[in-house]
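Hi,

Here is the structure I promised to pass on. Have a look at it first, and my notes on what turned up follow underneath.

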Amino acid sequence: MLQSPVEFFRNMPEKICPECGECIEDQAESYLLECDRCLSKRYE
Ligand SMILES: [Zn+2]
């Protein structure tokens, strides 16, 4: 049974930062793909 991409991402238990591989636990905004540490590095 095929699963739609929307369902797939909704069912993901947690996001993983693509920069450092850490789990992103404390970000509600779904458009943030990186963890706080990598985001702060980016904006330095
Ligand atoms: Zn990171």
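Before the notes, one cut-off: a residue counts as buried if 20 or more other C-beta atoms lie within 10 Å of its own, as exposed if 12 or fewer do, and as partly exposed in between. Please also keep in mind that this is a predicted model.

On confidence, the mean pLDDT of the protein is 76, with 68% of the residues at 70 or more. Helix H2 (residues 36-42) has the highest confidence, at a mean of 85, while helix H1 (residues 5-10) has the lowest, at 70. The usual caution applies: where pLDDT is low, don't read the predicted coordinates in detail.

The fold is quick to describe. There are two helices and two strands, and along the sequence they come in the order α-β-β-α. Burial is scarce, since by the cut-off just given 2% of the 44 residues count as buried.

Now to the residues I looked at, starting with Cys17. You'll find Cys17 in the loop that links strand E1 (15-16) to strand E2 (23-24). Is Cys17 buried or exposed, or something in between? It has 18 C-beta neighbours inside 10 Å, so it counts as partly exposed. Setting aside neighbours within four places in sequence, Cys17 is in contact with Glu22, Ile24, Glu34, Cys35 and Cys38. For one of those, Glu34, the separation from Cys17 is 17 residues in sequence but 4.6 Å in space, C-alpha to C-alpha.

Cys35 sits in the other loop I checked, between E2 and H2. Cys35 counts as buried because it has 22 C-beta neighbours inside 10 Å. With neighbours within four places in sequence left out, the contacts of Cys35 are Cys17, Cys20, Glu22 and Ile24. So what do the two lists have in common? Glu22 and Ile24 are in contact with Cys17 and also with Cys35. As for Gly21, its C-alpha is 9.0 Å from that of Cys35, with their positions 14 residues apart in sequence.

Last is Leu39, which belongs to helix H2. Leu39 has 15 other C-beta atoms within 10 Å, which means it is partly exposed. Glu19 is 20 residues from Leu39 in sequence, and their C-alpha atoms are 9.5 Å apart.

That's what I have for now. Shout if anything is unclear.

Cheers

Methods
Residues numbered from 1 in each chain as written. Predicted model: local features only at pLDDT ≥ 70, side-chain atom pairs only at ≥ 80, totals over all residues. Helix = DSSP H or I, 4+ residues; strand = E, 2+ residues; numbered from the N terminus. Contact = placed C-beta atoms within 7 Å. pLDDT = per-residue confidence, 0-100.
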